[in-house]
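Student: Could you take me on a close look at one helix of this model, and then at what lies around it? I'd like one connected account rather than a list.

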Amino acid sequence: MFGSTKAFSGFAVNDVQRAKDFYGTTLGLRVSELDGLLMLHIEGGTEILIYPKEDHTPASFTVLNFPVDNIERAVDALTAKGVTIERYGAFETDERGIFRGGGPYIAWFKDPAGNVLSVLQER
(Lines give C-alpha, C1' and ligand atoms only; values in the text may rest on other atoms or scores of the structure.)
Protein backbone atom coordinates (compact mmCIF):
# COMPACT_ATOMS: atom_id res chain seq x y z
CA MET A 1 0.00 0.00 0.00
CA PHE A 2 2.75 2.49 0.94
CA GLY A 3 5.68 0.73 -0.72
CA SER A 4 6.44 3.57 -3.10
CA THR A 5 5.60 6.45 -0.75
CA LYS A 6 8.38 8.70 0.49
CA ALA A 7 7.52 8.63 4.19
CA PHE A 8 9.03 10.94 6.77
CA SER A 9 9.07 11.20 10.52
CA GLY A 10 8.29 14.11 12.79
CA PHE A 11 8.25 15.18 16.40
CA ALA A 12 7.14 18.16 18.48
CA VAL A 13 8.99 20.93 20.27
CA ASN A 14 7.76 23.72 22.50
CA ASP A 15 9.90 26.45 20.89
CA VAL A 16 10.51 26.35 17.14
CA GLN A 17 13.19 29.09 17.15
CA ARG A 18 15.23 27.36 19.85
CA ALA A 19 14.91 24.10 17.90
CA LYS A 20 15.99 25.84 14.69
CA ASP A 21 19.08 27.26 16.43
CA PHE A 22 19.95 23.93 18.04
CA TYR A 23 19.52 21.74 14.97
CA GLY A 24 20.96 24.28 12.54
CA THR A 25 23.74 25.93 14.52
CA THR A 26 24.68 23.47 17.27
CA LEU A 27 24.27 20.26 15.25
CA GLY A 28 25.07 21.78 11.86
CA LEU A 29 22.07 20.34 10.01
CA ARG A 30 20.41 22.02 7.06
CA VAL A 31 17.09 23.36 8.39
CA SER A 32 14.30 25.09 6.52
CA GLU A 33 11.24 26.82 7.94
CA LEU A 34 7.81 27.29 6.41
CA ASP A 35 4.66 28.47 8.15
CA GLY A 36 6.10 27.86 11.62
CA LEU A 37 7.24 24.32 10.84
CA LEU A 38 10.83 23.16 10.56
CA MET A 39 12.18 20.56 8.19
CA LEU A 40 15.51 18.90 8.91
CA HIS A 41 17.24 17.89 5.69
CA ILE A 42 19.35 14.83 6.47
CA GLU A 43 22.06 13.43 4.21
CA GLY A 44 20.65 11.00 1.66
CA GLY A 45 17.40 12.87 1.14
CA THR A 46 15.70 12.08 4.44
CA GLU A 47 13.52 14.84 5.85
CA ILE A 48 12.23 15.15 9.39
CA LEU A 49 9.38 17.47 10.37
CA ILE A 50 9.58 19.46 13.60
CA TYR A 51 6.34 21.10 14.64
CA PRO A 52 5.33 23.33 17.54
CA LYS A 53 3.17 22.01 20.36
CA GLU A 54 2.48 24.31 23.30
CA ASP A 55 1.82 21.51 25.78
CA HIS A 56 4.74 19.45 24.47
CA THR A 57 5.90 16.60 26.66
CA PRO A 58 9.18 15.04 25.54
CA ALA A 59 9.11 11.37 24.62
CA SER A 60 10.75 8.99 27.06
CA PHE A 61 12.61 7.30 24.19
CA THR A 62 15.09 8.30 21.49
CA VAL A 63 13.38 10.15 18.64
CA LEU A 64 16.42 10.69 16.39
CA ASN A 65 19.71 8.79 15.99
CA PHE A 66 22.84 10.10 14.29
CA PRO A 67 25.24 7.37 13.07
CA VAL A 68 28.87 8.51 13.34
CA ASP A 69 32.25 7.03 12.41
CA ASN A 70 33.91 8.07 15.67
CA ILE A 71 31.68 8.37 18.73
CA GLU A 72 34.40 9.82 20.96
CA ARG A 73 34.97 12.68 18.51
CA ALA A 74 31.20 13.24 18.18
CA VAL A 75 30.67 13.32 21.96
CA ASP A 76 33.62 15.68 22.41
CA ALA A 77 32.25 18.01 19.70
CA LEU A 78 28.79 18.02 21.32
CA THR A 79 30.12 18.75 24.79
CA ALA A 80 32.36 21.50 23.38
CA LYS A 81 29.17 23.17 22.08
CA GLY A 82 27.58 22.96 25.53
CA VAL A 83 25.45 19.86 24.94
CA THR A 84 25.07 17.61 27.99
CA ILE A 85 25.48 13.87 27.48
CA GLU A 86 22.70 12.07 29.33
CA ARG A 87 23.33 9.13 31.62
CA TYR A 88 20.66 6.55 32.37
CA GLY A 89 20.94 4.22 35.34
CA ALA A 90 20.03 1.15 33.30
CA PHE A 91 23.10 1.64 31.06
CA GLU A 92 26.65 1.67 32.39
CA THR A 93 28.62 4.33 30.53
CA ASP A 94 32.25 5.39 30.41
CA GLU A 95 33.62 8.76 31.58
CA ARG A 96 32.33 10.47 28.39
CA GLY A 97 28.84 9.03 28.84
CA ILE A 98 29.20 6.43 26.09
CA PHE A 99 27.42 3.11 26.52
CA ARG A 100 29.63 0.28 25.25
CA GLY A 101 27.43 -2.71 26.10
CA GLY A 102 25.73 -4.88 23.50
CA GLY A 103 24.95 -3.40 20.11
CA PRO A 104 26.44 -0.16 18.82
CA TYR A 105 28.31 2.30 21.01
CA ILE A 106 25.80 5.00 21.88
CA ALA A 107 25.56 8.31 23.73
CA TRP A 108 22.33 10.17 24.39
CA PHE A 109 21.63 13.89 24.58
CA LYS A 110 18.57 16.13 24.47
CA ASP A 111 17.40 18.99 22.30
CA PRO A 112 16.13 22.20 23.98
CA ALA A 113 12.60 20.73 24.16
CA GLY A 114 13.84 17.66 26.05
CA ASN A 115 13.57 15.23 23.12
CA VAL A 116 16.12 12.43 23.40
CA LEU A 117 18.63 12.12 20.55
CA SER A 118 21.67 9.92 20.17
CA VAL A 119 24.95 9.47 18.38
CA LEU A 120 25.89 5.89 17.72
CA GLN A 121 28.79 4.02 16.21
CA GLU A 122 28.61 0.50 14.83
CA ARG A 123 31.28 -1.82 16.19
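Tutor: Let's start on the outside of α2: the face turned away from its buried side carries the exposed residues Arg73 and Ala80. Keep in mind that this is a predicted model. On the buried side of α2 you'll find Ile71, Ala74, Val75 and Leu78. Those four cover an arc of only 95° around the axis, so they sit on the same side of α2. What do they pack against? The buried residues of α2 meet three strands: β6 (85-86), β7 (105-110) and β8 (116-121).

Both ends of α2 are worth a look as well. At the N-terminal end, Asn70 acts as the cap, with a side-chain oxygen 3.1 Å from the backbone nitrogen of Glu72. After the helix comes Gly82, and its phi is positive, near 90°.

α2 also takes part in the largest pocket, a space of about 340 Å³. Of the 16 residues lining this pocket, Leu27, Phe66, Pro67, Val68 and Val119 are the closest to its centre. Two elements, β5 (62-67) and α2 (71-80), each supply at least two residues of the lining. β5 gives the most, with four residues. As for chemistry, the lining of the largest pocket has 13 nonpolar residues, two polar and one charged.

Now follow two of the strands that α2 packs against, β7 and β8. In the loop between β7 and β8 you meet Asn115. Is this residue buried or exposed? Asn115 has 2% relative accessibility, and buried means under 20%, so Asn115 counts as buried. Its side chain has polar partners there: the side chain of Asn115 reaches the backbone oxygen of Ala12 at 2.9 Å, and a polar contact of 3.5 Å joins the side chains of Asn115 and His56. Leaving aside residues up to four places away in sequence, Asn115 touches Phe11, Ala12, Val13, His56, Pro58, Ala59, Val63, Phe109 and Lys110.

Val13, one of those contacts of Asn115, leads us to another empty space. A search of the whole structure finds one cavity of 30 Å³ or more, and the largest cavity has a volume of about 30 Å³. Its lining is made of Val13, Asn14, Asp15, Arg18, Ala19, Pro112 and Ala113. By class, that lining divides into four nonpolar residues, one polar and two charged.

Two of these lining residues, Asp15 and Ala19, bring us to the other helix on our tour, α1. Asp15 caps the N-terminal end of α1, where a side-chain oxygen lies 3.1 Å from the backbone nitrogen of Gln17. Ala19 is among the buried residues of α1 (residues 16-26), together with Val16, Phe22 and Tyr23. Seen down the axis of α1, the buried residues fall within an arc of 130°, so they line one face of the helix. Beyond α1 comes Gly28, with a positive phi near 75°.

One last stop concerns another positive phi. Asp35 has a phi near 55°, a positive value in a residue other than glycine. Asp35 is found in the loop between β2 (30-34) and β3 (37-42). With a relative accessible area of 73%, Asp35 is exposed.

Methods: Residues are numbered from 1 along each chain as its sequence is written. This is a predicted model: local features need pLDDT of at least 70, side-chain atom pairs count only at pLDDT 80 or more; totals for chains, interfaces and linings use all residues. Side-chain values use heavy atoms; hydrogens and water are left out. On a 1 Å grid over the protein atoms alone, a cavity is a set of points where a 1.4 Å probe fits but cannot get out, and a pocket is an open set with protein on both sides within 12 Å along at least five of seven lines; lining residues have an atom within 4 Å of a point. Grid points are joined across faces, edges and corners, and a volume is the space filled by probe spheres set on the points. Ala, Val, Leu, Ile, Met, Phe, Trp, Tyr, Cys and Pro count as nonpolar, Asp, Glu, Lys and Arg as charged, and the others, Gly among them, as polar. Buried means under 20% relative accessible area, exposed over 50%, partly exposed in between (1.4 Å probe, protein chains only). The arc is that of the directions from the helix axis to the C-beta atoms. Contact means heavy atoms within 4.5 Å. A polar contact is a pair of N or O atoms within 3.5 Å; within protein, one must be able to donate a hydrogen and the other to accept it, and residues adjacent in sequence count only if both atoms are side-chain atoms.
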